Amino acid sequence: MSNSTLHATYAGASRAAGAQAAALQLLLARTGADRDLALALAQVDITQMKGVLDAAGLQAALAEARAERDITAALAERCRRREAAGVALGATCACGHSAATHASRLVNGARLPCRHTGCGCGDLAFS
Ligand SMILES: [Zn+2]
Ligand SMILES: [Zn+2]
């Protein structure tokens with residue numbers, strides 16, 4: 001590689017690292033003055049995020065985190081109901097359909113209605 005190519009490569013890398021340093025320095029200053037912001041940033045799992053932390057990136061990560069919260073809450077509820085009824089993993093609902101056929105997210109905070117067309121079961125129930 002020529003000297004001028006190397007110079008441009010190192011200069012570019014230095015500018016990028018400088019921009020990162022400036023951004024991190026700003027975050028350190030702001031989080032030092034704002035405990036809520038510091039706690040919120042400490043909660044963000046950057047290994048779960050792709051791309052940059054701009055508004056669009058934050059919106060995408062927010063939507064993904066909310067979906068995961070809701071889907072895992074529904075899975076936990078399925079397991080809780082299975083355990084309460086004392087039934088095995090493959091047990092079907094009273095409507096005859098599998099637990100997986102029911103909503104993947106809690107509806108109105110507590111219900112898991114059946115999604116099978118025409119079923120009408122309003123909430124997953126093992127018996
Ligand atoms: Zn059902
Ligand atoms: Zn059903």
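What follows is a chat about how the labels on this predicted model are earned.

Reader: Let's start with the overall fold. What pattern does the protein chain follow?

Author: Read along the sequence, the pattern is α-α-α. The protein chain has three helices and zero strands.

Reader: How do you know that the protein chain is not a compact globule?

Author: Set two values side by side. A compact globule of 127 residues would have a radius of gyration near 14 Å, but the protein chain has 25 Å. The C-alpha atoms fill a box of roughly 75 × 40 × 25 Å along the principal axes. As for burial, 17% of the 127 residues count as buried.

Reader: On to the metals. What makes Cys95, His97, Cys114 and Cys119 the protein donors of the zinc ion (ligand 2)?

Author: Distance. A donor N, O or S atom has to be within 2.8 Å of the metal, and the SG atoms of Cys95, Cys114 and Cys119 and the ND1 atom of His97 lie 2.1 to 2.4 Å from this zinc ion. Along the chain, their spacing reads C-x1-H-x16-C-x4-C.

Reader: And why is the site of the zinc ion (ligand 2) called tetrahedral?

Author: For four donors, the label needs all angles between 85 and 135 degrees. Here the angles among the four donor atoms are 103 to 121 degrees, so the site counts as tetrahedral.

Reader: What makes the arrangement around the zinc ion (ligand 1) tetrahedral?

Author: The four donor atoms subtend angles of 100 to 117 degrees, so the arrangement is tetrahedral. The donors are Cys93 (SG), Cys95 (SG), His102 (NE2) and Cys121 (SG), lying 2.1 to 2.4 Å from the zinc ion (ligand 1).

Reader: Which residue coordinates both zinc ions, and how far apart are they?

Author: Cys95 coordinates both, and the zinc ion (ligand 2) and the zinc ion (ligand 1) are 3.9 Å apart. Cys95 and Cys114 both lie in the segment after α3 (55–85), so the pair ties together parts that are 19 residues apart in sequence.

Reader: Why is Cys95 called partly exposed, and is Cys114 buried or exposed?

Author: Buried means under 20% relative accessible area and exposed means over 50%, with partly exposed in between. Cys95 has 25%, so partly exposed is the label. Cys114, at 12%, counts as buried.

Reader: Now the charges. What makes Glu64 and Lys50 a salt bridge?

Author: The cut-off is a side-chain nitrogen of Lys or Arg within 4 Å of a carboxyl oxygen of Asp or Glu. Glu64 and Lys50 have an N to O distance of 3.7 Å, so they qualify. Glu64 lies in helix α3 and Lys50 in the loop between α2 and α3, so the pair ties together parts that are 14 residues apart in sequence. Theirs is one of six salt bridges in the structure.

Reader: How do you know that Glu77 and Arg81 are separated by about one helical turn?

Author: They're four residues apart in helix α3, and that is about one helical turn. Their side chains meet in a salt bridge at 2.7 Å, N to O. Glu77 counts as buried at 15% relative accessibility, and Arg81 is buried at 13%. Salt bridges that share partners join Glu77, Arg80, Arg81 and Asp123 into one network.

Reader: Last one: why can Leu37 belong to a surface patch?

Author: Patch residues need over 30% relative accessible area. Leu37, in helix α2, has 32%, so that requirement is met. Leu24, Leu27, Leu37, Leu41, Val44 and Ile46 make a nonpolar patch of about 480 Å².

Key: Residues numbered from 1 in each chain as written. Chains lettered and ligands numbered in written order. Predicted model: local features only at pLDDT ≥ 70, side-chain atom pairs only at ≥ 80, totals over all residues. Heavy atoms only, no water. Patch = residues over 30% accessible without salt bridge, like charges linked within 9 Å, V, L, I, M, F, W, Y side chains within 5 Å. Areas by Shrake-Rupley, 256 points an atom, 1.4 Å probe, with all protein chains shown as cover. Helix = DSSP H or I, 4+ residues; strand = E, 2+ residues; numbered from the N terminus. Buried < 20%, exposed > 50% of the residue type's maximum accessible area, 1.4 Å probe, protein only. Donors = N, O, S within 2.8 Å, 3.2 Å for Na, K, Ca; no water. Tetrahedral: all angles 85-135°; square planar, octahedral: opposite > 155°, others 65-115°. Rg over C-alpha atoms; globule rule 2.2 N^0.38 Å.
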